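Please read this report alongside the sequence and the model, moving from the chain as a whole to its cores and then to one short helix.

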Amino acid sequence: MAERALEASNRLLRALAESQSEFIQGSGDAHHLFDKLLTVLLELTESEYGFIGEVLHDPEGRPYLRNHSISNVEWTDELRELRDLDTIFGSVLTTGEPVIANEPAEGPRRGGFPNGHPPLRTFLGLPFKSGGELVGMVGIANRPDGYGPELVEFLRPFLTTCCSIIMGWRSEQQRRRTEVLLRQREEELQRHRDQLEKILHNGTAELLQTTVALEERQAQLLHSERMASLGQLVAGIAHEINNPLGYITSNLSTLTQYLSVFMELLELYRELAATLGPEQQQGPVPELLARIQSIQQKEDLDYLLGDVNDLLRDSREGAHRVADIVQSLKAFVREDSGQPELVDVNKELATTLKVVWNQLKYRTEVRCDYGPVPPILGRPAQLNQVFTHLLLNAVQAIPERGVIQISTLREGNEVLVRISDTGQGMTREVLARLFTPFFTTKPPGKGTGLGLSISYGIMSRHNGRIEVRSQYGQGSTFTLRFPIAQDL
């Protein structure tokens, strides 16, 4: 019985891993993947039919189900009425809790089932959620032995995978809509550029200034749209990584428990072999002992047992590091609430540093000196954008290998963030135009000249300011000054 359960668990995990891999690689659409998953689910649970659907809401806010996979087409009309509170189907949708009905009193819709619909003897309805949001529902019916809580627990990885596929599919749809919007913005920007060329020919200085300002705002909007699209993509990737990472961490923990049992059993085998007296040295016993001793000497059993523990420990540490990186990514791309909040600049700097670390680690030594500073009032997503621009500019200013120093401190009623580099520094001419939109010292195609301009605008909206100290050939230091949050 245990072997059968283990085989079912392994088969389910393989199917889930294959489906997630296909979805991440873009080799299968959501409906195709859900058809495959539903087929495996019905076979493993010995159910007669079922469905997998996504929860949506009508203009009045009432939930309804959009099917992505269904094994019996006669269910289609019934599933459209899942809003009804007094149906076994609809109760999953309205309460967000699993429903086990091994003796359903009636069909899913008042008036019975349509012609050709098989009878409903047993039913299991399972919701799946992302955070507190009800994302979808899985329903299966007519298992011969009925349904129980143990099956609900067994199917949790299945529900997690269904949820991740739908959330990823939604992110992909949002990304496509954003791309359409970006194309429209770019076309509008091109029209403004054409107007700028006409203005240059006409020599109308006033119109020229107006168009340049409009182009600057348009470029900043385009940059913000791209950052939003990037945030959605990174959040989707982080969500996808979290699911297989959960399986790996859980399996490593289980494997460690199994290993302790095997090690205890091996030690008892060895004690048994050492305590056998001459009266037991008859028949096959001497030959078996000789074979055991030969394997122990040949394979160095003590070394293998110790090395397995080291490998498991290293694997657990690696999984925890991946989880930490994913959490940093999710914190970095979190949605901007639009309202200022209390911000710990030390925490936000550490988060940003983890995200851009791959750009820094090969060319710089990063030294951090975070002082005890009070919170400021700001918008974390925008502050992370400023920190990112300054750190990437610092590493790009270093020709080969150098040092980036990050420090924070309190000075009077302000919190200071200093980012210094040992790069090539800047001339007076460059310093004079540093925050001018579209000004850049980088080669064509390598920069837009908007990073520091956008950062300057963000600091102004936070009632702060940017100070720059630089000398050509001796590096640069950017100092961000933020007012301390009052009335804490």
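Helices are here DSSP runs of H or I with at least four residues, numbered from the N terminus, and in that scheme Thr 94 belongs to helix 4. The model is a predicted one, and the surroundings of Thr 94 are taken up again below, after the overall picture.

**The chain as a whole**

The protein chain contains 13 helices and twelve strands, and of its 488 residues 39% are buried. Among its contacts with a separation of 6 or more, 67% link residues that lie 24 or more positions apart. The accessible surface of the chain is about 28,000 Å², and carbon and sulfur atoms contribute 52% of that area.

**The nonpolar cores**

The largest nonpolar core is made up of 34 residues, and within it Ile 404, Val 417 and Leu 480 have the most contacts. Each of the elements in the following table supplies at least two residues of this core.

| Element | Residues |
|---|---|
| Helix 10 | 345–360 |
| Helix 11 | 380–396 |
| Strand 9 | 402–411 |
| Strand 10 | 414–421 |
| Helix 13 | 451–461 |
| Strand 12 | 476–483 |

Helix 11 gives the largest share of this core, with seven residues. When neighbours within four places in sequence are set aside, Leu 480 is in contact with Val 386, Phe 387 and Leu 390, with Val 415, Leu 416 and Val 417, and also with Met 459, Arg 465 and Ile 466. A second core, separate from this one, has 26 residues, among them Leu 38, Leu 124, Val 135 and Leu 151.

**Helix 4 and Thr 94**

Helix 4 covers residues 88–95, and because six of its eight residues are buried, the helix is largely enclosed by the rest of the structure. The buried residues of helix 4 are Ile 88, Phe 89, Gly 90, Ser 91, Val 92 and Leu 93.

Is Thr 94 buried, partly exposed or exposed? Buried means under 20% relative accessible area and exposed means over 50%, with partly exposed in between; Thr 94 has a relative accessibility of 35% and therefore counts as partly exposed. The side chain of Thr 94 reaches the backbone oxygen of Ser 91 at 3.4 Å, and Ser 91 is itself one of the buried residues of helix 4. Thr 94 and Leu 134 are 40 residues apart in sequence, while their C-alpha atoms are 9.5 Å apart in space. Just after helix 4, Gly 96 adopts a positive phi of about 70 degrees.

Key
Residues are numbered from 1 along each chain as its sequence is written. This is a predicted model: local features need pLDDT of at least 70, side-chain atom pairs count only at pLDDT 80 or more; totals for chains, interfaces and linings use all residues. Side-chain values use heavy atoms; hydrogens and water are left out. Buried means under 20% relative accessible area, exposed over 50%, partly exposed in between (1.4 Å probe, protein chains only). Contact means heavy atoms within 4.5 Å. Accessible areas come from the Shrake-Rupley method with a 1.4 Å probe; for residues, only the protein chains shown count as cover. A nonpolar core is a set of buried Ala, Val, Leu, Ile, Met, Phe, Trp, Tyr and Cys residues joined through side-chain atoms within 4.5 Å. A polar contact is a pair of N or O atoms within 3.5 Å; within protein, one must be able to donate a hydrogen and the other to accept it, and residues adjacent in sequence count only if both atoms are side-chain atoms.
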